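Welcome! Take a moment to look over the sequence and turn the model around before reading on.

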Amino acid sequence: MCKTYSISELANEFDVTTRSIRFYEDQELLHPARRGQTRIYSSKDRVRLKLTLRGKRLGFSLAEIRELFELWDETRSGSEKQLHLMLSKISERRAALEQQMKDITMVQLELESAEIRCRQALEELHQKLEEEDRAADNNKTASPKRASTSATMH
């Protein structure tokens with residue numbers, strides 16, 4: 001007899017919620033047997049869950065994962081079509097990641113440039129405020145002399 005798993009066992013093993021597992025079932029990625037209201041997952045379901053989670057980490061959509069499973073299910077000995085599709089999906093994903101890396105590099109350069117401009121503007125602002133403070137201090141020290149000078153003139 002093949003080993004079976006409860007939804008809780010799979011959720012604990014793969015650190016996902018039972019709700020996620022039910023969602024994957026709704027998406028026709030898993031096909032547990034039923035005993036009353038209880039779901040009974042097979043070793044095949046366990047492998048499919050593992051592959052689903054791996055596919056998601058690699059950036060595949062659930063539709064793409066389902067398509068790969070369907071190709072596999074068509075032929076029990078493995079599928080040349082499945083392997084070609086997988087290679088195609090890997091190539092697409094790699095190209096998308098390379099574009100994202102280029103985009104990230106551009107955003108980092110833009111952020112660096114914006115940071116430099118902000119720091120320069122902040123420095124200019126501090127210098128301007130210091131100059132205004134010095135001018136205000138000079139006016140304060142000059143004002144009492146003028147007052148005493150004008151008082152002696154009258």
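The report below goes from the overall layout to the core, the salt bridges, the loops and the surface.

**Layout**

Please keep in mind that this is a predicted model. The protein chain holds five helices and two strands. Reading from the N terminus, you meet these elements in the order α-α-β-β-α-α-α. The chain has 154 residues, and 21% of them count as buried.

**The core**

Let us start on the inside. The largest nonpolar core is made of 17 residues, and Leu10, Ile21, Tyr24, Tyr41 and Leu49 have the most contacts inside it. Helices α1 (7-14), α2 (18-26), α3 (43-57) and α4 (62-74) are the elements that each give two or more residues to this core. With four residues, α1 provides the largest share.

**Salt bridges**

How many salt bridges does a search of the whole structure find? The search turns up six. Among them are the three in this table, each with its N to O distance.

| Residue pair | Distance, N to O |
|---|---|
| Glu13 and Arg46 | 2.4 Å |
| Arg34 and Glu25 | 3.1 Å |
| Glu67 and Lys89 | 3.9 Å |

Take the side chains of Glu13 and Arg46, which meet in a salt bridge. Glu13 belongs to helix α1 and Arg46 to helix α3, so this pair ties together parts that lie 33 residues apart in sequence. Glu13 counts as partly exposed, at 40% relative accessibility.

Another salt bridge joins Glu67 and Lys89. Here too the pair links distant parts of the chain, with Glu67 in helix α4 and Lys89 in helix α5, 22 residues apart. Are these two partners buried or exposed? Glu67 is partly exposed at 34% relative accessibility, whereas Lys89 is buried, with a relative accessible area of 12%.

The bridge between Arg34 and Glu25 is part of a wider arrangement: Glu25, Arg34 and Arg39 are linked in a network of salt bridges. Within this network, Arg34 has a relative accessible area of 45% and is partly exposed. Glu25 is buried, because its relative accessible area of 14% falls under the 20% cut-off.

**Loops**

Two loop residues have a backbone angle worth a look. Asp15 sits in the loop between α1 and α2, and its phi is positive, about 55°, although Asp15 is not a glycine. Asp15 is also exposed, with a relative accessible area of 70%. Glu28 is found in the loop between α2 and β1 (33-35). This residue is not a glycine either, yet Glu28 has a positive phi of about 65°.

Pro32 is also placed in the loop between α2 and β1. Despite being in a loop, Pro32 is buried, at a relative accessible area of 13%. Its C-alpha is 9.4 Å from that of Tyr5, while the two residues are 27 apart in sequence.

**Surface patches**

Finally, look along helix α5, which covers residues 80-153. Leu122, Leu125 and Leu129 form a nonpolar patch on the surface, and together they have about 260 Å² of accessible area. Leu125, which lies in α5, is partly exposed with a relative accessible area of 43%.

Which residues form the negative surface patch? They are Glu123, Glu124, Glu130, Glu131, Glu132, Asp133 and Asp137. Glu130 is one of the residues in helix α5, and at 46% relative accessibility Glu130 counts as partly exposed.

Methods:
Residues are numbered from 1 along each chain as its sequence is written. This is a predicted model: local features need pLDDT of at least 70, side-chain atom pairs count only at pLDDT 80 or more; totals for chains, interfaces and linings use all residues. Side-chain values use heavy atoms; hydrogens and water are left out. Patches are made of residues with over 30% relative accessible area and no salt bridge: like charges are joined within 9 Å, nonpolar side chains (Val, Leu, Ile, Met, Phe, Trp, Tyr) within 5 Å. Accessible areas come from the Shrake-Rupley method with a 1.4 Å probe; for residues, only the protein chains shown count as cover. A salt bridge is a side-chain nitrogen of Lys or Arg within 4 Å of a carboxyl oxygen of Asp or Glu. Buried means under 20% relative accessible area, exposed over 50%, partly exposed in between (1.4 Å probe, protein chains only). Lys and Arg count as positive and Asp and Glu as negative; His and the chain ends are not counted. The place of a charge is taken as NZ of Lys, CZ of Arg, CG of Asp or CD of Glu. A nonpolar core is a set of buried Ala, Val, Leu, Ile, Met, Phe, Trp, Tyr and Cys residues joined through side-chain atoms within 4.5 Å.
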